[in-house]
Amino acid sequence: MERIFNFNAGPATLPLAVLEEAQSELLNFKGTGMSVMENSHRSKEYQAINSETEALVKELLSVPENYRVLFLQGGGSTQFAAVPMNLVSSDSHADYILTGAWAEKAYKEASKFAKTNVAASTKEENYTRIPRTDEIKLSKDPAYVHLCSNNTIFGTQWQAFPDLGDVPLVGDMSSDIMSRRFDVSKFALIYAGTQKNLGPAGVTVVIIRKDLLDSIPTNIPTMLRYDIHSKNDSLYNTPPCFSVYMVNLVLRWLKNNGGLVAAEKRNAEKAALIYDAIDYSEGFYRGHAVKDSRSLMNITFRLPSEELESKFAVESIQHGMIGLKGHRSVGGLRASVYNAMSIEGCMALVDFMKVFQSKNG
Ligand SMILES: *Cc1c(COP(=O)(O)O)cnc(C)c1O
């Protein structure tokens with residue numbers, strides 16, 4: 001059985017070594033005579049996975065001491081509601097920077113529970129770029145400013161995070177967490193569903209500054225309260241044990257392959273291969289994102305006609321590549337090249353792009 005090059009946006013490709021390790025431990029995890037799926041979340045084996053995974057997140061991202069790492073359920077979408085419920089009080093409000101479909105969803109959801117304000121938006125330019133710092137207009141004293149670090153659908157990414165003074169910054173990093181280094185201390189809270197860069201679906205990583213845990217309202221659903229999950233070490237109720245275990249294996253794989261320094265380098269090289277193929281195609285391929293806002297994770301591009309785009313999507317599958325059809329709101333093609341996508345996969349795509357252009361250009 002051949003493995004395919006999987007360019008899906010999420011759930012996404014996982015490292016082969018990780019899948020093989022999970023396979024080898026599936027029937028009998030570390031002498032327990034059962035899989036992680038079947039074990040109690042109160043067992044010492046699972047407790048070890050839970051605490052080691054938290055330690056790995058902290059180590060790989062150099063998370064400062066005054067932060068907590070939580071493993072929650074409900075995906076990034078549940079965080080769209082949890083963040084305002086936990087952090088905005090009745091007499092305050094939150095600011096949102098709109099850079100794409102997910103940021104918009106986060107803003108709309110928050111607006112159900114809190115007063116909100118749009119601090120910047122590039123919607124009028126069809127989200128082809130990230131706003132400049134001087135375009136961000138904060139309201140007076142917001143409880144936080146929310147941004148989406150990588151726009152999975154439009155293929156743009158913050159190259160550097162804006163300096164917004166003392167205002168707490170909240171980041172949705174669902175599609176680029178662990179793809180590069182950044183200063184965690186710039187953020188009050190970070191959240192990320194794991195199914196793009198960290199493992200399978202089913203768990204959401206939340207990194208929260210500890211002082212925020214002291215003023216969580218008690219009248220919101222218990223399952224959404226960060227302080228409850230923190231007090232219980234993410235074991236308040238039954239966690240998605242197998243997903244957390246898979247995240248653990250992915251993080252160990254990342255660490256064994258040089259951590260984020262090496263991941264960042266690999267990701268830059270991979271994306272450059274594909275962007276070069278776009279830029280040197282003499283206009284046959286056109287990138288959606290403005291150059292200085294380009295994502296290293298999701299590469300969005302158009303072809304001269306929708307007919308050619310469909311043809312590209314179909315023929316790429318015949319060449320062992322899946323998931324290249326773009327999101328319906330942008331059209332065209334999208335190559336998602338998360339940490340686990342190999343350089344070989346990117347080279348195969350570039351070869352195919354060249355052949356396709358020579359036949360159809
Ligand atoms: C995929 C994604 C989400 C939604 O994640 P779910 O786990 O499906 O709720 C949110 N934000 C970003 C940036 C995403 O890429």
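1. In this predicted model, a polar side-chain atom of Asp172 lies 2.6 Å from a nitrogen atom of the ligand. The protein covers 87% of the 380 Å² of accessible area that the ligand has on its own. The Asp172 contact is a sensible place to begin an inspection of the site, and the other polar approaches follow in the next point.

2. Two further side chains meet oxygen atoms of the ligand. For Thr152, the distance from a polar side-chain atom to a ligand oxygen is 2.5 Å. For Lys196, an N or O atom of the side chain is 2.7 Å from an oxygen atom of the ligand. Thr152, Asp172 and Lys196 all belong to the group that comes nearest to the ligand, a group that also includes Ser77 and Gln195.

3. The shell around the ligand may also be described by its composition. Of its residues, 8 are polar, 3 are nonpolar and 2 are charged. The shell numbers 13 residues. Helix 3, which spans residues 75-87, supplies the largest share of the shell, with 4 residues.

4. Which residues does Leu235 touch, leaving aside those up to four places away in sequence? They are His41, Arg42, Tyr46, Gln47 and Asn50. Leu235 itself is placed in the loop between helix 5 (226-231) and helix 6 (241-256). Its relative accessible area is 4%, so Leu235 is classed as buried, the limit being under 20%. The contact with His41 joins positions 194 residues apart in sequence, whose C-alpha atoms are 7.7 Å apart in space.

5. Asn50 takes part in that contact from the other side. Asn50 is a residue of helix 2, and at 7% relative accessibility it is buried. With residues up to four places away in sequence not counted, Asn50 touches Phe71, Asp233, Ser234 and Leu235. The side chain of Asn50 also reaches the backbone oxygen of Asp233, at 2.9 Å. By contrast, the C-alpha atoms of Asn50 and Pro168 are separated by 28 Å, although these positions lie 118 residues apart along the chain.

6. Ser43 is located in the loop between helix 1 (16-25) and helix 2 (44-61). Its side chain reaches the backbone nitrogen of Tyr46 at 3.1 Å. Tyr46 is also one of the residues touched by Leu235. Is Ser43 buried or exposed? Ser43 is buried, because its relative accessible area of 12% falls under the 20% limit.

7. The cysteines deserve a brief remark. How many disulfides does a search of the whole structure find? The search finds 0. Cys346 has a relative accessible area of 0% and is buried. Cys241 is likewise buried, at 9% relative accessibility.

8. Some backbone features merit a check by eye. Most peptide bonds are trans, and most residues other than glycine have a negative phi. The peptide bond from Gly10 to Pro11 is cis, with omega near -10 degrees. Pro11 is situated in the loop between strand 1 (5-6) and helix 1.

9. Lys30 and Asn126 each have a positive phi. For Lys30 the value is near 45 degrees, and the residue is in the loop between helix 1 and helix 2. At 55% relative accessibility, Lys30 counts as exposed, because the limit is over 50%. For Asn126 phi is near 55 degrees. Asn126 belongs to the loop between strand 4 (115-121) and strand 5 (145-148), and its relative accessible area of 39% makes it partly exposed.

10. A last residue is Ser310, in helix 8 (residues 306-318). What is the exposure class of Ser310? At 45% relative accessibility, Ser310 is partly exposed. Ser310 and Asp214 are 96 residues apart in sequence, and their C-alpha atoms are 52 Å apart in space.

Note on methods. Residues numbered from 1 in each chain as written. Predicted model: local features only at pLDDT ≥ 70, side-chain atom pairs only at ≥ 80, totals over all residues. Heavy atoms only, no water. Helix = DSSP H or I, 4+ residues; strand = E, 2+ residues; numbered from the N terminus. Buried < 20%, exposed > 50% of the residue type's maximum accessible area, 1.4 Å probe, protein only. Contact = heavy atoms within 4.5 Å. Near = heavy atom within 4 Å. Polar contact = N/O pair within 3.5 Å; in protein donor to acceptor, adjacent residues only side chain to side chain. Areas by Shrake-Rupley, 256 points an atom, 1.4 Å probe, with all protein chains shown as cover. Nonpolar A, V, L, I, M, F, W, Y, C, P; charged D, E, K, R; others polar. Disulfide = S-S within 2.5 Å.
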